[in-house]
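Q: Can you go through this one with me? I'd like to start with the cysteines and then move on to the packing and the empty spaces.

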Amino acid sequence: MSFNLTKIESLTTFHTIDAHTEGEPLRIITSGYPEVCGETMLEKRRYLQDNLDHYRQILMFEPRGHADMYGVLITEPVNDDSDFGVLFLHNEGYSSMCGHGIIATCKVMVQLEHIVPQTFPHNIRIDSPAGLISAWVDRDSQGVISVWFDNVPSYAHALDCEVTIEGFGKVNYDIGFGGAYYAYVDADAIDVSCGVDNVNQLIELGRKIKHAVMKKHTLTHPRDPDLGFLYGTMFYSSKTTNSSSHSRHVCIFAEGEVDRSPTGTGVAGRIALLHAKGEVEHNQQITIESIVDGQMKVAALPSDKFYQYDAVIPQVHGRAWITGVHQFMLDPADIFQQGFILR
């Protein structure tokens, strides 16, 4: 069956490559956006928020996306020695860093030969709102591509805190930074399952904890004020599916999104917390699994002090696969110009 596609050439059009990292979706936006202005990635992020947010809603919200969709917009780099810049999109707005996004984007760029390494492993330098990310792409003798990255300096912001959640009770938590701030909660200690059959409770409780912690803590990033916000709640559990896994993560972030992966920035903040508590050593690699049994490996590389914090550089490994290539369109007569979210 053939169609005359010239009839829709005048519609606003976006091209994307969709992928997933350990189960978590990523929509890589390759065209359709106007120029994103700004001398730094944080300035570019603010420009998106103030001027181009309707594009985010078109591609993240229904009917083209869904409540748990995640995207990345590729930009020109802001540093001379970087390969490109990234801006991350989700149902609430714009994150500062995204590990699963870094892994999938690097895998796709090499797999589709947008970047053609002369030797492996090949270093890719990426400008993100949280700072410079140094990623590595390798290819084995069978052609299988693997990706890992060294994150921004990550650290324990607060340990052994407590908040009371209405209708639930007291919850203990730590706050860690791994490119974004999370409240980390031991799910086993509060008798909350991190299984797929408990996702509704995790979403509801995760949102309540996030807002309660936000009221109690004023987060100020020591370098960039725009990074001083709580991104989500990270539940962790020692009850794992794979016996080789150290623990399981369920991240409830943005406006109730559920990360299907262990969360790249989340495992980065977690390894910083574990190191701060003396539970892992420098260069000790652990495996963390997700709510759908995806896995990321993470280790705490030594780092200099980051302002007042004892920091580490998390090195994060994960797997990604392409799921589709899309051409999305917006008809000027469409009654849902910015889309909608319906869980």
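Q: Is Cys161 buried or exposed?
A: This is a predicted model, and in it cysteine 161 is buried, with a relative accessible area of 11%.

Q: And which cysteine sulfur is nearest to that of cysteine 161?
A: That of cysteine 251, which is 18 Å away, and cysteine 161 is in no disulfide.

Q: How many disulfides does the structure hold?
A: Zero.

Q: Why no bond for cysteine 106?
A: Its closest cysteine sulfur, in cysteine 98, is 11 Å off, which is too far for a bond. A disulfide needs the two sulfurs within 2.5 Å. Cysteine 106 is also buried, at 0% relative accessible area.

Q: Moving to the packing. Which residues touch the most other members of the largest nonpolar core?
A: Ile102, Ile126 and Phe235, in a core of 85 residues. H3 gives the largest share of this core, seven residues.

Q: What is isoleucine 102 in contact with, leaving aside neighbours within four places in sequence?
A: Val86, Phe88, Met97, Ile126, Ile133, Ala135 and Phe149.

Q: What about a second core?
A: There is a separate one of 19 residues, with Phe14, Met41, Leu87 and Leu330 among them. As a general point, nonpolar side chains in soluble globular proteins tend to be buried together.

Q: OK, pockets. What volume does the largest pocket have?
A: About 440 Å³. Its lining comprises 23 residues, and Ile29, Thr30, Ile74, Thr75 and Glu76 lie nearest the centre.

Q: Which elements give two or more residues to that lining?
A: Strand E2 (24-31), strand E3 (71-75) and helix H3 (99-111). The largest share, four residues, is from E2. By class, the lining of this pocket has 13 nonpolar, six polar and four charged residues.

Q: And the second largest pocket, how much space lies there?
A: About 190 Å³. It is lined by 14 residues, and the closest to its centre are Asn172, Tyr173, Asp186, Ala189 and Tyr236.

Q: Which strands give two or more residues to the lining of the second largest pocket?
A: E9 (155-165), E10 (169-177) and E11 (181-186), with E10 giving the largest share, five residues. The lining of this second largest pocket divides into seven nonpolar, one polar and six charged residues.

Q: How many cavities of 30 Å³ or more are there?
A: Two. The largest has a volume of about 70 Å³, and the second largest holds about 30 Å³.

Q: What lines the largest cavity?
A: Tyr70, Met97, Cys98, Gly99, His100, Tyr182, Tyr231, Phe253, Asp259, Thr263, Gly264 and Thr265. H3 and helix H5 (264-276) each supply at least two of the lining residues. By class, that lining has six nonpolar, five polar and one charged.

Q: And the second largest cavity, what lines that?
A: Ala130, Val152, Pro153, Phe177, His221, Arg223 and Phe306, of which five are nonpolar, one is polar and one is charged.

Q: Last topic. Where is glutamate 113 found?
A: In the loop between H3 and strand E6 (122-128). Glutamate 113 counts as exposed, at 59% relative accessibility.

Q: How many residues apart in sequence are glutamate 113 and alanine 311?
A: They are 198 residues apart in sequence, and in space their C-alpha atoms are 35 Å apart.

How values were computed. Residues numbered from 1 in each chain as written. Predicted model: local features only at pLDDT ≥ 70, side-chain atom pairs only at ≥ 80, totals over all residues. Heavy atoms only, no water. Buried < 20%, exposed > 50% of the residue type's maximum accessible area, 1.4 Å probe, protein only. 1 Å grid on protein atoms, 1.4 Å probe; cavity = no way out; pocket = protein on both sides within 12 Å on 5 of 7 lines; lining within 4 Å. Points joined across faces, edges and corners; volume = space filled by probe spheres on them. Nonpolar A, V, L, I, M, F, W, Y, C, P; charged D, E, K, R; others polar. Core = buried A, V, L, I, M, F, W, Y, C linked by side-chain atoms within 4.5 Å. Contact = heavy atoms within 4.5 Å.
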